[in-house]
Amino acid sequence: MTNKVRQIRQQQNLTQIDLAEKVGVSRQSIIAIESGKYVPTTLLALKIAKALGKKVEDVFILEKND
Amino acid sequence: MKTRFLLQNKFKRPGIILSLIGFAAWWWGQLNGAANIIKKIIPAKGEEVTYHPLTENQSAWNIAFLTISFFLFLGGFLLFIFSKEKNEDEYIQRVRLESFQFAALLQLASFVLFFIGIALFQPKNENSYVETFFILTIIFFWLLYILHFNFALYIKPKLTEQHD
């Protein structure tokens, strides 16, 4: 699974801390998700998409081998 | 994700303070500090509290002090370890789990290596080695856990420049 969290966040001029506060998680979580080291749960993915004002499938994308 | 096994974040700082006090007291106890004080307060107990490091003839006063200070240190250490982060979320809980696994695996490896070492070298005072190893291994496990947890959570992202 890939994600466009960093790209969308930067388009909206949000810092990692801003997004973390909006979602209610730690900044470390955002860093890990953006770098692809951590795949969030459905609940967190939905929260992130909502905080970015996007649909979850626009932020998190399934890859062929998923 | 909710957990029943962690304390609130406010226990973290008292945990650090307690463990530092406990460790300092334990260190002082190793230098026979408690026994020396008792010796001054109750001179009649002078002989009783005399410490002979070569014969390991420690006084009961000092042994009691060492035991209390060690458990104070361990208690503070556990308070620190079992306190939540300010923003405990699912990612932090995953890192916590991985750190436990990491510490458990290395502890297992240390057990195997230690007993292979004992079997190979067969030291004369085997029991004292085993006793010391078991005491150290308690701290070793938690130290590994703390190192892995803090490295993965705070240091690694900085090293790989994944933050902005």
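These legends walk through four close-up views of a predicted model. Local features need pLDDT of at least 70 and side-chain atom pairs count only at pLDDT 80 or more, while totals for chains, interfaces and linings use all residues. Residues are numbered from 1 along each chain as its sequence is written, chains are lettered from A in the order in which they are written, and side-chain values use heavy atoms, leaving out hydrogens and water.

**View 1. Chain B, helix after helix.** Chain B has five helices and zero strands, running α-α-α-α-α from the N terminus (helices are DSSP runs of H or I, at least four residues; strands are runs of E, at least two). Of its 164 residues, 35% are buried, meaning under 20% relative accessible area with a 1.4 Å probe, protein chains only. Take the chain B contacts (heavy atoms within 4.5 Å) with a separation of 6 or more: 72% of them link residues 24 or more positions apart. Chain B exposes about 11000 Å² (Shrake-Rupley, 1.4 Å probe), with carbon and sulfur atoms supplying 69% of that.

**View 2. The largest nonpolar core.** A nonpolar core here is a set of buried Ala, Val, Leu, Ile, Met, Phe, Trp, Tyr and Cys residues joined through side-chain atoms within 4.5 Å. This one holds 38 residues, and Val5(A), Ile48(A) and Leu52(A) touch the most other members. Both chains pitch in: α1, α2, α3 and α4 of chain A and α3, α4 and α5 of chain B each supply at least two residues. The largest share, nine residues, comes from α5(B). Not counting residues up to four places away in sequence, Ile48(A) touches Val5(A), Val23(A), Ile33(A) and Phe60(A).

**View 3. The second largest pocket.** A pocket is an open set of points on a 1 Å grid over the protein atoms alone, where a 1.4 Å probe fits, with protein on both sides within 12 Å along at least five of seven lines. This pocket holds about 400 Å³ of space. Among its 19 lining residues (an atom within 4 Å of a point), Ser26(A), Arg27(A), Gln28(A), Asn87(B) and Tyr154(B) are the closest to its centre. With four residues, α5(B) gives the most to the lining, which divides into eight nonpolar, five polar and six charged residues.

**View 4. The one cavity.** A cavity is a spot where the same 1.4 Å probe fits but cannot get out. There is one cavity of 30 Å³ or more, and the largest has about 30 Å³ of space. Its lining includes Met1(A), Tyr38(A), Pro40(A) and Phe60(A), and has five nonpolar, three polar and no charged residues.

Key:
Points joined across faces, edges and corners; volume = space filled by probe spheres on them. Nonpolar A, V, L, I, M, F, W, Y, C, P; charged D, E, K, R; others polar. Buried < 20%, exposed > 50% of the residue type's maximum accessible area, 1.4 Å probe, protein only.
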